[in-house]
Amino acid sequence: MTPVALEWVARFGQHLAAERRMSRHTGSSYARDLAALVRFCDAQEIPAWAGLDAQHVRVFAAKSHASGLAPRSIQRRLSAVRSFFHFLIRERALQSNPAQDIRAPKVARRLPRTLDPDQMARLLELPGSGPLVARDRAMMELFYSSGLRLAELAGLDVGDVDLKDRTVRVLGKGEKTRIVPVGRLAVDALGKWAAERGVIAGVETAALFVGRGGARLGPRAIQARVAYWARRRGLPMHVHPHLFRHSFASHLLESSGDLRGVQELLGHSNLSTTQIYTHLDFQHLARIYDKAHPRARRKS
């Protein structure tokens with residue numbers, strides 16, 4: 001492709017970082033996807049973005065699939081391409097989006113794994129004392145209590161938590177803020193961490209959760225601490241922060257049946273994203289059916 005065409009890719013990357021404030025990880029994924037598109041255009045001898053039409057994008061998706069790329073990855077790749085062309089239209093470099101109506105192969109929807117309440121209770125019973133144990137207990141209780149994403153918890157400042165009101169203010173995806181309740185045990189754990197936090201945090205440090213050196217604890221470090229405690233507590237599976245969110249949603253939906261309420265608490269923009277948790281509840285509902293339905297009850 002021409003240098004001018006490649007310059008638009010660089011400008012799009014700057015747009016993602018500065019205007020849309022995408023994470024570095026997401027920005028890197030978009031960059032890889034657009035690099036694949038550039039290689040495709042070079043192979044097809046397409047010198048400029050205006051020369052790419054819908055049929056080209058369809059072939060690009062088909063070749064991605066033929067090379068072994070998973071349907072979910074192709075979906076992400078096409079999403080990156082659509083976003084890029086929307087940017088070109090906004091900048092008046094193009095008039096239409098050739099990727100607008102191109103769809104990836106359907107993805108078999110996988111049910112998220114969860115911990116059952118007994119496993120979660122065992123995980124949260126952290127032995128020992130001291131600032132780091134208090135911090136880890138507070139993080140994990142808050143994950144489960146309020147269903148936070150990893151980035152949401154890592155980004156919390158001290159002022160985001162109101163222990164008296166039992167709420168936490170969260171900055172979620174798309175820079176959307178939501179207020180989420182905090183459970184009694186999480187409030188207790190956060191209170192104990194607040195009493196210990198000054199031992200390792202600087203006076204002017206705003207971050208709620210900090211590491212040994214007093215700086216904000218990053219997502220990778222939080223993942224490592226969760227995995228460490230899961231091993232210590234003898235859980236038979238890999239435990240990661242998002243497992244708390246899945247378990248939070250599943251347990252809350254099982255108890256309340258309020259899908260809309262769970263959607264609000266999770267910060268999902270679409271109800272369809274939340275509905276996946278209804279499938280997790282099927283075995284529980286089946287037991288209720290067998291016990292309660294006149295045609296299903298077993299004779300005593």
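User: Hi! Let's start with one side chain: does D33 count as buried or exposed?
Analyst: Happy to help; keep in mind that this is a predicted model. The relative accessibility of D33 is 1%. Buried means under 20%, so at 1% D33 counts as buried.

User: Which residue forms a salt bridge with D33?
Analyst: The closest N and O atoms of this pair are 3.6 Å apart. The cut-off for a salt bridge is 4 Å. The partner of D33 is R77.

User: How many residues apart in sequence are the parts that D33 and R77 tie together?
Analyst: A search of the whole structure finds 13 salt bridges. In the pair of D33 and R77, D33 lies in helix α2 (residues 24-43), while R77 lies in helix α4 (residues 71-90). R77 counts as buried at 15% relative accessibility. The pair therefore ties together parts of the sequence whose separation is 44 residues.

User: Where do E125 and R233 lie, and how many residues apart in sequence are the parts they tie together?
Analyst: E125 and R233 form a salt bridge, with 3.9 Å between the closest N and O atoms. E125 lies in the loop between α5 and α6, and R233 in the loop between α9 and α10, so the parts tied together are apart in sequence by 108 residues.

User: How far apart are the closest N and O atoms in the salt bridge of R149 with E152?
Analyst: Both R149 and E152 are buried. Elsewhere, R11, E19, R90 and E91 are joined into one network by salt bridges that share partners. For R149 and E152, the closest N and O atoms are apart by 2.5 Å.

User: On to the helices. What does α9 reach from its first C-alpha to its last?
Analyst: Helix α9 covers residues 219-232, which is 14 residues. At 1.5 Å a residue, the expected span is 20 Å. The model comes close to that expectation, with α9 reaching 20 Å.

User: Within what arc do the buried residues of α9 fall?
Analyst: The buried residues of α9 are I222, V226, A227, W229 and A230. They line one face of the helix, because, seen down the axis of α9, they fall within an arc of 165°.

User: Which residues are exposed on the other side of α9?
Analyst: The buried set of α9 includes V226 and W229. Just after the helix, G234 takes a positive phi of about 75°. On the other side of α9, the exposed residues are R220 and R231.

User: Which helix gives the most to the largest nonpolar core?
Analyst: This core has 44 residues, of which L123, F209, V239 and F244 touch the most other members. At least two residues each come from α5 (117-124), α6 (131-146), α7 (150-154), β2, α8 (184-197), α9 and α10 (241-256). With eight residues, the one that gives the most is α6.

User: How many residues are in the second, separate core?
Analyst: Take F244 of the largest core: leaving aside neighbours within four places in sequence, F244 is in contact with M120, L123, L124, M140, F143, Y144, V226 and V239. The second core is separate, and A36, F40, V81 and A99 are included in its 30 residues.

User: Which strands stand at the edges of the sheet?
Analyst: The sheet is open, with three strands in the order β1-β2-β3 and antiparallel pairing. Each edge strand has a single partner strand, so one side of each is left without a neighbour in the sheet; these strands are β1 (161-162) and β3 (177-181).

User: Over how many bridges do β2 and β3 pair?
Analyst: β1 and β2 (residues 167-171) pair in the antiparallel sense over two bridges, and D162 has T167 as its bridge partner. V168 stands opposite V180 in β3. The antiparallel pairing of β2 and β3 runs over a number of bridges equal to five.

User: Which residue in the turn between β2 and β3 has a positive phi?
Analyst: In the hairpin of β1 and β2, with four residues between the strands, R166 takes a positive phi near 60°. The hairpin of β2 and β3 has five residues between its strands. There, the turn residue with a positive phi, about 70°, is G174.

User: Finally, what share of the residues in the protein chain is buried?
Analyst: The chain has 14 helices and three strands. Of its contacts with a separation of 6 or more, 60% are between residues 24 or more positions apart. Among the 300 residues, the buried share is 40%.

Note on methods. Residues numbered from 1 in each chain as written. Predicted model: local features only at pLDDT ≥ 70, side-chain atom pairs only at ≥ 80, totals over all residues. Heavy atoms only, no water. Pairing = 2+ DSSP bridges. Expected span 1.5 Å × (residues − 1). Buried < 20%, exposed > 50% of the residue type's maximum accessible area, 1.4 Å probe, protein only. Arc of directions from axis to C-beta. Core = buried A, V, L, I, M, F, W, Y, C linked by side-chain atoms within 4.5 Å. Contact = heavy atoms within 4.5 Å. Salt bridge = Lys/Arg side-chain N within 4 Å of Asp/Glu carboxyl O.
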